[in-house]
Amino acid sequence: MNSVVELVAGLALAAAAVFFVLRPIIAPSVARNDAPAADLEEEDPEDDLSPRSVALRALKEIEFDRATGKLSDADYDALKAKYTGEALAALRGAAAVAAPERAPAVSRPRPASPAAPRPACPTHGVRPEADARYCSACGRQLATATGFCGKCGTALEPDASFCAACGRRVAA
């Protein structure tokens, strides 16, 4: 009689273990008490197909391809000019949609500082915007004054070989 009770208890324990293991397969909604599967999917930033995000992703991609040696300098320059133009057009279009026909703001002209050199584009020359980091005509990064990083604009130490903020090698 004692062995029959042990056999029944063993079978009940084995059935409970099998049920516990197979429960997520048999009834997935019972096994999980949190949100349904459709709510668990997060938005993928890669799904944004707006012209702005497509052009910015393309710029990042060609920068990476150039850094890894997959893209020659000539191809990089051509692609960068193309995608920079597209990104600027998309950004200007978004700015025009975001702020339609506002009254022009009255602003006082800022006096030009003789000590601070104005940024210059290699193609279009000195830009009228004193604090510009990119050319308003072609989107190229502007050359900055000596003592500043050409990539991020951070002030450099006088004898620095690399930018402390972004790690870019400083031209000698």
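Here a biologist and a modeller talk through a predicted model.

Biologist: Let's start with the overall picture: which elements does the protein have, and how do they run?

Modeller: There are five helices and two strands in the protein, and from the N terminus on they run α-α-α-α-α-β-β. Buried residues make up 13% of its 172 residues.

Biologist: Why is T84 called buried?

Modeller: Buried means under 20% relative accessible area. T84 has 10% relative accessibility, so T84 counts as buried. Its place is in helix 5, residues 73-98.

Biologist: What is T84 in contact with, leaving aside its neighbours within four places in sequence?

Modeller: Those partners are L59, C138, G139 and R140.

Biologist: And what makes the link between T84 and K80 a polar contact?

Modeller: The side chain of T84 reaches the backbone oxygen of K80 at 2.5 Å. The cut-off for a pair of N or O atoms is 3.5 Å, so this pair is within the limit.

Biologist: Now to V18 in helix 1, residues 2-26. Why is V18 called partly exposed?

Modeller: Exposed means over 50% and buried under 20%, with partly exposed in between. V18 has 49% relative accessibility, so V18 falls in that middle class.

Biologist: How do you know that V18 is open enough to belong to a surface patch?

Modeller: Patch residues need over 30% relative accessible area, and V18 has 49%, so V18 passes that test. Together with F20, V21, L22, I25 and I26, V18 makes a nonpolar surface patch of about 650 Å².

Biologist: How much area does the protein expose in total?

Modeller: About 13700 Å², with carbon and sulfur atoms supplying 60% of it.

Key:
Residues numbered from 1 in each chain as written. Predicted model: local features only at pLDDT ≥ 70, side-chain atom pairs only at ≥ 80, totals over all residues. Heavy atoms only, no water. Patch = residues over 30% accessible without salt bridge, like charges linked within 9 Å, V, L, I, M, F, W, Y side chains within 5 Å. Areas by Shrake-Rupley, 256 points an atom, 1.4 Å probe, with all protein chains shown as cover. Salt bridge = Lys/Arg side-chain N within 4 Å of Asp/Glu carboxyl O. Helix = DSSP H or I, 4+ residues; strand = E, 2+ residues; numbered from the N terminus. Buried < 20%, exposed > 50% of the residue type's maximum accessible area, 1.4 Å probe, protein only. Polar contact = N/O pair within 3.5 Å; in protein donor to acceptor, adjacent residues only side chain to side chain. Contact = heavy atoms within 4.5 Å.
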